[in-house]
Amino acid sequence: MKSIKDRIEIIIGDITQIDTEAIVNAANKSLMGGGGVDGAIHRAAGQMLKEECRRLGGCETGEAKITNGYNLKAKYVIHTVGPVYRDGRHNEPELLRNCYENSLKLAIENNIKTIAFPSISKGAYGYPIKEAAPIAIKTVVDFLNRHSEIEKVIFVLFSQTDFDTYKRVLSEYI
Ligand code: AR6
């Protein structure tokens, strides 16, 4: 059994280019696409993704739904809806934790062993990176400790600052 350190990677990059079995999308409740990472994933996957998403009938905050990846390298996209950040006292931490947890549960149900996450809620939804990173890291590390089925989780960050924050938080936590 590999150590947690070997099962988590943190990189800077574009999640649409990652070849894990699943990539996670930071979607909105409609699941019909949007800006940020959601827009990038829909553009890279192609129109078929939108057609499959339309049939899903939306998704609640903190929940997750799975589709095919179509033109992406990833076979699947797991769509999750992060909380809109207000002040951190409106259940945002728990909802953000649910996004990671429910995405990983869905991965296991679908026999997915490798998965990549963006920093959910950190863009348009305004979650401060210093608060979002520990939630992302802690939830994933705790889940990996409980579930050996998941072999690799890659956090794909979009800026040097986000990357540095995740690296620091991970080194403090494990
Ligand atoms: N690869 C990896 N990370 C990316 C990419 C990419 N290609 N593009 C952006 N990011 P956001 P949210 C980073 O706004 O905050 C959408 O319109 C980005 O820099 O994509 O959960 C949805 O439809 C940031 O660090 O997602 C929703 O309406 C992180 O991904 C809403 O935005 C998340 O930023 C969701 O907002």
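The shell around the ligand divides into nine nonpolar, nine polar and four charged residues. I should say at once that this is a predicted model. Of the 22 residues in that shell, N28, G35, D38, G123 and A124 come nearest to the ligand.

Let me turn to the secondary structure elements behind this shell. Helix 2 supplies its largest share, namely four residues.

Next, the polar contacts. The side chain of N28 places a polar atom 2.7 Å from an oxygen atom of the ligand. In the side chain of D14, an N or O atom is 2.8 Å from a nitrogen atom of the ligand. K122 takes part through its backbone, where an N or O atom lies 3.4 Å from a ligand oxygen. On its own, the ligand has 700 Å² of accessible area, and the protein covers 88% of that.

Where does the ligand sit? Its site is the largest pocket. Strand 2, residues 22-27, and helix 2, residues 36-45, are the elements that each give two or more residues to the ligand shell.

I now consider the pocket itself. The volume of the largest pocket is about 550 Å³. Its lining comprises 27 residues, and those nearest the pocket centre are A26, G36, V37, D38 and G123. Two or more lining residues come from each of strand 2, helix 2 and strand 6, the last spanning 152-157. Helix 2 gives the most to this lining, with five residues. By character, the lining divides into 12 nonpolar, 10 polar and five charged residues.

To close, helix 2 gives the largest share of the ligand shell and also the most to the pocket lining.

Definitions and conventions: Residues numbered from 1 in each chain as written. Predicted model: local features only at pLDDT ≥ 70, side-chain atom pairs only at ≥ 80, totals over all residues. Heavy atoms only, no water. Near = heavy atom within 4 Å. Polar contact = N/O pair within 3.5 Å; in protein donor to acceptor, adjacent residues only side chain to side chain. Areas by Shrake-Rupley, 256 points an atom, 1.4 Å probe, with all protein chains shown as cover. 1 Å grid on protein atoms, 1.4 Å probe; cavity = no way out; pocket = protein on both sides within 12 Å on 5 of 7 lines; lining within 4 Å. Sits in = over half its atoms within 2 Å of the grid points. Nonpolar A, V, L, I, M, F, W, Y, C, P; charged D, E, K, R; others polar. Points joined across faces, edges and corners; volume = space filled by probe spheres on them.
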